[in-house]
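This report walks through a few local features of one protein chain, with attention to loops, pockets and annotated segments. Please keep the sequence and the coordinates at hand while reading.

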Amino acid sequence: MTTKIDKAGPVDAPPPAPENIKAIPVRHYGRWVSAVITIAVLFLLISAFARGDVNWGAIPDYFFDGEVLRGVRNTVWITILSMVLGVVLGIILAVMRLSKNPVTASIAWGYIWFFRGTPVYVQLLVWFNLGLVFDYINIMPIYKDEWSDFMTPFLAALLGLGLNEAAYMAEICRAGLQSVDEGQSEAAQALGMSHAKTLRRVVLPQAMRVIVPPTGNEFINMLKTTSLVIAVQYWDLLQATSEVGQNSGATAEMLFLAAAWYLILTSVLSVGQYYLERYYARGSSRSLPATPLQRVRANLLSFSNRSGGVGA
């Protein structure tokens, strides 16, 4: 530090300004190498499929075929009904599992143990072949019929998928209910609310933030699992494309067509899941991230402002 002398006495000179630091970005060569390798592998795969003995023109020809569309409709329908059955029964099983009654909790645990421990494909076949055990169904005085007429392919598919899904939804709902602080229930009961009302008005709304994301994944997984109902002769997307492929001789091409329809349906469900998660996340975060549409609008607005500035 230098000292200047003037008439009033010595005065300290200000320190010199620090030099500007030149930041050198770190070069990530590994990222570029991995990107090049990935693009090369993708190019080789596309080239292999393009040179393969596949009649790609058959896919758009049958994409909106009547039988294929009927299979798509039935797949969506059985998916929705199975998930509704699974969610409703799953909530009931979750409440039973958390019950202080040992009999109720044991029944719920046994149900979950059995249906999670056996493949859904086996369960579908069991439901479809229960006529070997029961000759007829008799619910006096409501309903009486032969089992073969009662257990249709649709009902076998619904029970096989829905009851299996209920076991997984029970664990998801149980985790969601346990994520809510016990003080919430105690405060509600202190205000005179019944146990059922506390569950419906206080606990479940807060638990939905934990329940919704895995339920969306289960919905998407259920859509793909419906391909197994071909075992019980239910007319779904895979059954439809298989029949069209056998009749047209384009068996492999129709499998690619089925894969394309599954991708479209799962993409639509993924968008719905995204906005449903945002809805239930409103109370857990101060500011929600921008949606893809909002980001596109912001980028377009920023680009137009820059263009206007350059033009001016």
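Is S227 buried or exposed? In this predicted model, S227 is buried, because its relative accessible area is 19%, and the cut-off for that class is under 20%.

## Loop residues and their surroundings

S227 belongs to the loop that runs between helix 9 and helix 10 (237-248). Its side chain makes a polar contact with the backbone oxygen of K224, at a distance of 2.8 Å. The loop between helix 9 and helix 10 also holds Q233, which has a positive phi of about 65 degrees although it is not a glycine. Q233 counts as exposed because its relative accessible area is 56%, where the class requires over 50%.

A further loop position is F63, which sits between helix 2 (58-62) and helix 3. With a relative accessible area of 15%, F63 is buried. The C-alpha atom of F63 is separated by 6.7 Å from that of L257, although the two residues are 194 residues apart along the chain.

## Helix 3 and the ends of helix 8

V87 is a residue of helix 3, and with a relative accessible area of 25% it is partly exposed. Its C-alpha atom is separated by 6.1 Å from that of A166, a residue that is 79 residues away along the chain.

At helix 8, the N-terminal end is capped by D181, one of whose side-chain oxygens lies 2.7 Å from the backbone nitrogen of G183. Just after helix 8, the backbone at G192 takes a positive phi of about 95 degrees.

## The hairpin of strands 3 and 4

Strand 3 (residues 136-139) and strand 4 (residues 143-146) run antiparallel and are joined by four bridges. The connection between strand 3 and strand 4 is a hairpin that passes through three residues.

Individual pairs can be named as well. I139 has Y143 of strand 4 as its bridge partner, while Y136 stands opposite E146 in strand 4.

## The largest pocket

The volume of the largest pocket is about 620 Å³. Its lining consists of 16 residues, and those that lie nearest its centre are L98, E182, S185, Q189 and H195. The elements that contribute two or more residues to this lining are helix 7 (153-179), helix 8 (182-190) and helix 9 (195-225).

Which classes of residue make up the lining of the largest pocket? It has six nonpolar, six polar and four charged residues, so a reader assigning protonation states may note that the charged class here covers Asp, Glu, Lys and Arg.

## The second largest pocket

The second largest pocket has a volume of about 270 Å³ and is lined by 16 residues, of which V212, T215, G216, F219 and L276 lie nearest its centre. Four helices each supply at least two residues of this lining, namely helix 3 (66-97), helix 7, helix 9 and helix 11 (251-280). Helix 9 gives the largest share, with seven residues.

By class, the lining of the second largest pocket has twelve nonpolar residues, four polar residues and no charged residues. The lining of the largest pocket, by comparison, has four charged residues.

## Annotated segments

An unreviewed UniProt entry lists residues 32-50, 76-96, 108-130 and 255-276 under "transmembrane region", and such annotations may be inferred rather than shown by experiment.

Two of these segments can be set beside the model. Over residues 32-50 the chain is 100% helix and 0% strand, with the end C-alpha atoms 27 Å apart. Over residues 255-276 the chain is likewise 100% helix and 0% strand, and there the end C-alpha atoms are 31 Å apart.

Technical notes. Residues are numbered from 1 along each chain as its sequence is written. This is a predicted model: local features need pLDDT of at least 70, side-chain atom pairs count only at pLDDT 80 or more; totals for chains, interfaces and linings use all residues. Side-chain values use heavy atoms; hydrogens and water are left out. Two strands pair if DSSP finds at least two bridges between them. On a 1 Å grid over the protein atoms alone, a cavity is a set of points where a 1.4 Å probe fits but cannot get out, and a pocket is an open set with protein on both sides within 12 Å along at least five of seven lines; lining residues have an atom within 4 Å of a point. Grid points are joined across faces, edges and corners, and a volume is the space filled by probe spheres set on the points. A polar contact is a pair of N or O atoms within 3.5 Å; within protein, one must be able to donate a hydrogen and the other to accept it, and residues adjacent in sequence count only if both atoms are side-chain atoms. Buried means under 20% relative accessible area, exposed over 50%, partly exposed in between (1.4 Å probe, protein chains only).
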